[in-house]
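Dear colleague,

I am handing over the structure below, followed by an account of what was found in it. Please read the text with the coordinates open beside you.

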Amino acid sequence: MVDITVIYVHWYSGRSKSALAASLGVDRKPVRKYLAPAEASGITPGGPPMSEAGWAGPAPRRT
C-alpha cells in the first residue's frame, strides 16, 4: 500500500501520472482518483515545494 501523500508529492513535483504509477507500482486509475480533488481545487504541478507533512495537513491558501 502506498501512502497517498507520496502520490501528491511526486505529482506536484512534476512527474506524470503514468510515470508516477509505474514507479510506485500502482495502477493509473487510483492515481487519477486520488489526484482529482487536488486538480478540482485548482492545484497544479510545479508550485512551491511542499513536503509530505504539508500535503497531510491543511491545504495551503492560494491568493
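Helix H3 covers residues 28-40, and because each of its 13 residues should advance the helix by 1.5 Å, a span of 18 Å is expected, which agrees with the 18 Å that separates its end C-alpha atoms. Please bear in mind throughout that this is a predicted model. The agreement in length stands beside a kink of about 30 degrees at tyrosine 34, which lies shortly before proline 37.

The two ends of H3 can be described as well. At the N-terminal end, aspartate 27 acts as the cap, with a side-chain oxygen 3.3 Å from the backbone nitrogen of lysine 29. Just after the helix, glycine 42 adopts a positive phi of about 95 degrees; a positive phi, near 115 degrees, is also found at glycine 14, which follows H1.

Which residues of H3 are buried? They are Val31, Leu35 and Ala38, and they pack against helix H1 (4-12) and helix H2 (17-24). Valine 31, which has its place in helix H3, counts as buried because its relative accessibility is 0%, where the cut-off for buried is under 20%. Leaving aside residues up to four places away in sequence, valine 31 touches Ile7, Lys17, Leu20, Ala21 and Val26. With isoleucine 7 in particular, valine 31 has a C-alpha to C-alpha distance of 7.1 Å, although the two are 24 residues apart in sequence. Alanine 38, with the exclusion of residues up to four places away in sequence, touches Tyr8, Trp11 and Ile43.

These contacts lead on to the core. The largest nonpolar core has 11 residues in all, namely Ile7, Tyr8, Trp11, Tyr12, Leu20, Ala21, Val31, Leu35, Ala38, Ile43 and Met50. The elements that contribute two or more residues to this core are H1, H2 and H3, and of these H1 gives the most, with four residues. In soluble globular proteins, nonpolar side chains tend to be buried together. For H1 itself, the buried residues are Thr5, Val6, Ile7, Tyr8, Trp11 and Tyr12.

There is also a charged link to look at. The count of salt bridges comes to one, and the pair concerned is lysine 17 and glutamate 39, whose side chains meet at 3.0 Å, N to O. Since lysine 17 lies in helix H2 and glutamate 39 in helix H3, the pair ties together parts that are 22 residues apart in sequence. Are the two partners buried or exposed? Lysine 17 is partly exposed, because its relative accessible area is 25%, and glutamate 39 is likewise partly exposed, because its value is 36%; partly exposed here refers to the range between the 20% cut-off for buried and the 50% cut-off for exposed.

Finally, some figures for the protein as a whole. It has four helices and zero strands, and read along the sequence it follows the pattern α-α-α-α. Of its 63 residues, 22% count as buried. Among contacts with a separation of 6 or more, 62% are between residues 24 or more positions apart, and the pairing of valine 31 with isoleucine 7, 24 residues apart in sequence, can be examined with that figure in mind.

With kind regards

Note on methods. Residues are numbered from 1 along each chain as its sequence is written. This is a predicted model: local features need pLDDT of at least 70, side-chain atom pairs count only at pLDDT 80 or more; totals for chains, interfaces and linings use all residues. Side-chain values use heavy atoms; hydrogens and water are left out. The expected span of a helix is 1.5 Å times one less than its number of residues. The bend at a residue is the angle between axes fitted to the seven residues ending there and the seven starting there. Buried means under 20% relative accessible area, exposed over 50%, partly exposed in between (1.4 Å probe, protein chains only). Contact means heavy atoms within 4.5 Å. A polar contact is a pair of N or O atoms within 3.5 Å; within protein, one must be able to donate a hydrogen and the other to accept it, and residues adjacent in sequence count only if both atoms are side-chain atoms. A nonpolar core is a set of buried Ala, Val, Leu, Ile, Met, Phe, Trp, Tyr and Cys residues joined through side-chain atoms within 4.5 Å. A salt bridge is a side-chain nitrogen of Lys or Arg within 4 Å of a carboxyl oxygen of Asp or Glu.
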